[in-house]
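Trainee: I would like to go through this model one contact at a time. Where should we begin?

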Amino acid sequence: MDELSRLRDHGVYLRREALDAGYDDRAIYSGLASGKLARVRHGAYMSGEKWRASNEEQQHLLRAHAAGLVHGQPMALSHVSAAIAHGVDVWGVDLSRVHLIRPVDTVGRKHRDIVYHRGVVAGSAKISGTTVRPAAEAVYGAICLASVEAGVVILDSAYALGICTPDDIRDEYEKHRRWPGSARLNITLRIAQPGAQSVGESRMRFLFWRHGLPRPQLQYAVSDGSGVIGTADFAWPEYGVLGEFDGRIKYEKLLRPGESSADVVVREKIREDQMREATGYGFIRYIWSDLSRQEQTAERTRRALAVRPRTAP
């Protein structure tokens with residue numbers, strides 16, 4: 001059934017399309033049993049290899065594309081589903097159901113794997129053949145469904161992609177202020193800011209806010225006489241401290257041809273030493289496990305900054 005996987009960019013096809021191509025249910029069941037096929041949702045299939053190679057967010061989007069294929073009436077992906085379609089990173093949100101907007105009275109109606117919202121479909125865009133609400137509305141809707149921390153991750157990512165601005169989100173608030181979750185918007189907007197480059201950086205900055213630590217500058221360039229020698233994820237120049245969030249994905253991005261992870265670690269250590277020498281600043285590194293021990297991480301940061309606890313704004 002490889003030719004069916006090539007019908008669309010995302011590779012999802014329907015049972016009826018397989019039957020029209022001359023296959024029968026026995027062929028589908030055989031493909032599922034062998035792992036050559038994967039069931040994306042009821043009546044929708046794709047390459048098993050591609051499905052297994054997809055992460056949780058990508059699988060959610062594939063289910064969203066499958067849902068789009070079976071809706072004859074006007075509809076568009078919305079909220080978290082639309083945000084993912086626009087390329088936004090998400091964390092800490094429920095991906096078990098696809099979110100769709102329809103211009104009919106189905107507010108809050110939930111099916112096994114779909115949540116329907118009432119809204120306008122006109123003005124939507126097409127992404128990989130699926131109708132998707134505009135980026136700013138999608139991001140706003142996703143934030144409404146998320147905790148403040150998860151919302152900061154979403155909004156930081158949207159800023160980094162350049163698909164919306166704080167003013168765009170405020171405009172969406174004026175249009176959709178009655179959507180559930182809108183009350184958290186002001187806090188999320190105050191914490192989110194352009195410059196974060198990963199989920200880990202966004203979550204670490206939420207930790208700083210939650211524990212009353214000073215707000216850092218992001219992507220702080222350090223120079224010596226020959227030019228920029230490095231950029232720190234976080235910087236508190238008034239306290240003489242730089243900070244970095246180290247994640248596996250970050251090191252993978254820094255790999256050069258023929259290098260191992262150990263080579264990247266050594267190169268990053270040299271860069272850190274050069275930045276420390278050029279500025280005279282202290283340097284604090286964070287890793288994923290620091291996010292699960294927040295009190296200790298906040299105290300370690302507080303000692304590095306040599307500041308007393310204060311109430312989060």
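Mentor: This is a predicted model. Begin with the contact in which Ala136, Glu137, Val139 and Tyr140 of helix 7 meet Asp168, Ile169, Glu172, Tyr173 and His176 of helix 9.

Trainee: How many residues of each class does the contact of helix 7 with helix 9 have?

Mentor: The residues come from both helices, with Tyr140 on helix 7 and Tyr173 on helix 9 among them. By class, the contact has three charged residues, one polar and five nonpolar.

Trainee: How are helix 7 and helix 9 oriented to each other?

Mentor: Their axes come within 9 Å and cross at roughly 70 degrees. Angles of 65 to 115 degrees count as roughly perpendicular. Helix 7 and helix 9 are therefore roughly perpendicular.

Trainee: Which helices are included in what covers the buried residues of helix 8?

Mentor: Helix 8 is mostly covered, with 12 of its 14 residues buried. Among the buried ones are Val148, Glu149, Asp156 and Tyr159. The cover includes helix 7 (135-144), helix 9 (166-176), helix 10 (185-191) and helix 11 (199-210).

Trainee: What span should the 14 residues of helix 8 have, and how far apart are its end C-alpha atoms?

Mentor: Helix 8 runs over residues 148-161, and the expected rise is 1.5 Å a residue. The expected span agrees with the distance between the end C-alpha atoms, because both are 20 Å.

Trainee: Which residue just after helix 8 takes a positive phi?

Mentor: The phi in question is about 75 degrees. The residue that takes it is Gly162.

Trainee: How are helix 11 and helix 14 oriented to each other?

Mentor: The axes of helix 11 and helix 14 (residues 294-305) come within 10 Å and cross at roughly 80 degrees. The contact is made by Met204, Leu207, Phe208 and Arg210 of helix 11 with Gln294, Thr297, Ala298 and Thr301 of helix 14. These residues divide into four nonpolar, three polar and one charged. From the crossing angle, helix 11 and helix 14 are therefore roughly perpendicular.

Trainee: Is strand 11 largely enclosed or largely open?

Mentor: Strand 11 pairs in the antiparallel sense with strand 10 (residues 217-224) over seven bridges, and with strand 12 (residues 241-245) over three. Seven of the 10 residues of strand 11 are buried, so this strand is largely enclosed.

Trainee: Which residue takes a positive phi in the hairpin of strand 11 and strand 12?

Mentor: In strand 11, Trp236 stands opposite Val241 of strand 12. Their hairpin has four residues between the strands, and the positive phi near 70 degrees belongs to Gly240.

Terms used
Residues are numbered from 1 along each chain as its sequence is written. This is a predicted model: local features need pLDDT of at least 70, side-chain atom pairs count only at pLDDT 80 or more; totals for chains, interfaces and linings use all residues. Side-chain values use heavy atoms; hydrogens and water are left out. Helices (H or I, at least four residues) and strands (E, at least two) are DSSP runs, numbered from the N terminus. The expected span of a helix is 1.5 Å times one less than its number of residues. Buried means under 20% relative accessible area, exposed over 50%, partly exposed in between (1.4 Å probe, protein chains only). Contact means heavy atoms within 4.5 Å. Axes are lines fitted to C-alpha atoms, for helices over the stretch in contact, and angles run from 0 to 180 degrees between N-to-C directions. Angles under 35 degrees count as roughly parallel, over 145 as roughly antiparallel, 65 to 115 as roughly perpendicular and the rest as oblique. Ala, Val, Leu, Ile, Met, Phe, Trp, Tyr, Cys and Pro count as nonpolar, Asp, Glu, Lys and Arg as charged, and the others, Gly among them, as polar. Two strands pair if DSSP finds at least two bridges between them.
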